[in-house]
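Student: Hi, could you walk me through the empty spaces in this model? I'd like to start with the pockets.

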Amino acid sequence: MKIATNGVRTLAKETPVPFLDLKSQYTGIRDEILDALRDVADSGTYILGPRVADFEEAFAARAGARHCIGVNSGTSAIHLALICSGVQAGDEVITVPMTFVATTWAISYVGASPVFVDVDPVTYTMDVEQVERKITRRTKAILPVHLYGQSADMGPLLELGRKHGIPVIEDAAQAHGARYRDQGSGTLGLCGCFSFYPGKNLGAYGEAGAIVTDDSQLADRMKALRDHAQSRRYHHSEIGFNYRMDAFQGAILGVKLRHLEAWTESRRRLAQRYLEGLEDFPLALPSEAEDRRHVWHLFVVLHPQRDLIRRELEARGIQTGLHYPVPVHRQEAYAHLNLGQGAFPVSEKIAAECFSLPLFPELTEPQQDRVILALQDVLGEVR
Ligand SMILES: Cc1ncc(COP(=O)(O)O)c(C=O)c1O
């Protein structure tokens with residue numbers, strides 16, 4: 001393989017194209033954000049309170065769920081969802097190895113074991129064909145991940161859940177505003193878990209997460225559990241957690257939620273431009289399934305020479321990301337599961353070949369064109 005370095009130097013001299021630019025988004029909504037923050041500072045209520053309640057109501061309505069429970073991270077959201085679904089020590093939860101590791105942390109926190117099925121080679125979400133044969137007497141939940149912003153194939157999963165009496169919990173951490181057959185992601189299963197980590201499509205300015213559900217009993221228990229399981233002040237009905245959302249995050253999320261739809265449309269437009277611009281490139285491109293609305297949290301492409309291409313793009317001023325280079329079954333933390341290389345070939349291929357191109361609502365078309373040109377340049381030289 002050979003990479004030409006002449007003729008592309010001019011690209012490197014331009015301002016780098018960042019993988020993500022949270023500051024440019026902030027600049028556009030600065031006054032709204034600062035007003036909201038001032039409000040919270042003046043209110044004297046810094047944890048939960050009216051700003052969080054307002055956001056919960058708005059987020060539930062937007063998702064199409066009856067309840068939203070704001071918490072302090074997406075990881076906590078999945079943890080509470082598993083507890084409230086009745087998953088206990090010794091149980092099994094079916095999920096995918098191609099995800100951010102927090103999906104399985106939550107399974108481990110309740111003392112259950114993750115049982116993996118591979119992902120589909122086209123959508124990169126749970127391969128529904130593989131699920132039924134992994135169901136045992138100990139299976140207490142199915143936990144699909146709406147990876148990169150596209151829903152898993154929820155129809156067959158919900159049917160399997162009904163048939164076997166197993167709840168389906170959605171890891172919608174990357175899928176704010178995504179849809180499956182016209183239903184909002186997170187609202188199809190028993191509950192849906194969201195992350196508001198700053199880089200997410202709806203991101204806080206710190207840590208935050210939420211669960212949405214239509215089940216009022218579940219919602220009540222989650223609201224108690226996130227706040228030390230207090231039924232009344234200083235009366236604790238079970239072992240609880242400090243998983244409360246803070247008021248500054250609630251206020252920021254309330255402001256940003258008003259912009260989410262426009263930002264999502266911008267992501268979708270840019271993703272379409274990438275799909276057209278990269279059509280003839282020797283890359284495996286992502287796609288949107290017909291019955292789904294992809295919200296393009298990430299635009300992930302595959303190439304066997306991924307590391308070299310990323311280095312060459314970096315040299316040309318193009319930043320890229322990696323989501324994710326090691327599938328969960330190959331993480332040291334899960335070595336005790338004894339799942340060797342080859343156990344989940346699709347996930348392993350994605351992990352080995354993936355890289356994520358810059359895609360955020362404020363990315364300009366000239367910036368995106370520079371990404372496409374630089375990729376063309378680099379790929380033309382990869383042998
Ligand atoms: C798929 C997935 N699940 C869970 C999480 C955990 O969310 P958080 O980082 O807010 O704890 C994340 C985000 O990082 C994620 O991408």
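Student: What volume does the largest pocket have?

Tutor: The largest pocket comes to about 530 Å³. On a 1 Å grid over the protein atoms alone, a pocket is an open set of points with protein on both sides within 12 Å along at least five of seven lines, while a cavity is a set where a 1.4 Å probe fits but cannot get out; lining residues have an atom within 4 Å of a point. Grid points are joined across faces, edges and corners, and a volume is the space filled by probe spheres set on the points.

Student: And which residues are closest to its centre?

Tutor: Phe100, Ser195, Tyr197, Lys200 and Tyr324, out of 29 that line the largest pocket. Two or more lining residues come from each of helix H4 (74-84) and helix H5 (102-109), and H4 gives the most, with three. Helices (H or I, at least four residues) and strands (E, at least two) are DSSP runs, numbered from the N terminus.

Student: How far can I trust this, and what are the ground rules?

Tutor: It's a predicted model, so local features need pLDDT of at least 70 and side-chain atom pairs count only at pLDDT 80 or more, while totals for chains, interfaces and linings use all residues. Residues are numbered from 1 along each chain as its sequence is written, and side-chain values use heavy atoms, with hydrogens and water left out.

Student: What is the class make-up of that lining?

Tutor: The largest pocket is lined by 15 nonpolar, 10 polar and four charged residues. Here Ala, Val, Leu, Ile, Met, Phe, Trp, Tyr, Cys and Pro count as nonpolar, Asp, Glu, Lys and Arg as charged, and the others, Gly among them, as polar.

Student: Where does the second largest pocket lie?

Tutor: Domain 1 (9-25 + 259-381) and domain 2 (29-254) both give residues to its lining, so the second largest pocket lies between them. Those bounds come from an automatic or database domain assignment. The space in this pocket is about 180 Å³, and among its 16 lining residues, Arg62, Ala63, His176, Gly177 and Ala178 are closest to the centre. Helix H8 (247-277) gives the most to this lining, with four residues.

Student: Back to H5. Which of its residues are buried?

Tutor: Ala102, Thr103, Thr104, Ala106 and Ile107 are buried in H5. Buried means under 20% relative accessible area, exposed over 50% and partly exposed in between, with a 1.4 Å probe and protein chains only. The cover over these buried residues includes H4, strand S2 (92-95), strand S3 (113-116) and strand S5 (169-171). After H5 comes Gly111, with a positive phi near 85°.

Student: Now the closed spaces. How many cavities of 30 Å³ or more are there?

Tutor: The count is two. The largest cavity has a volume of about 60 Å³, and 14 residues line it, with Leu20, Leu22, Gln25, Lys200 and Arg267 nearest its centre. Its lining has five nonpolar, four polar and five charged residues.

Student: What about charged residues around the second largest cavity?

Tutor: There are no charged residues in that lining, which has six nonpolar and four polar ones. The second largest cavity is about 50 Å³, and its lining includes Val122, Tyr148, Pro286 and His294. At least three of the lining residues come from each of domain 1 and domain 2.

Student: Last one: is Glu129 buried or exposed?

Tutor: Glu129 counts as exposed, at 63% relative accessibility. Glu129 sits in the loop between S3 and strand S4 (139-142).

Key. Contact means heavy atoms within 4.5 Å.
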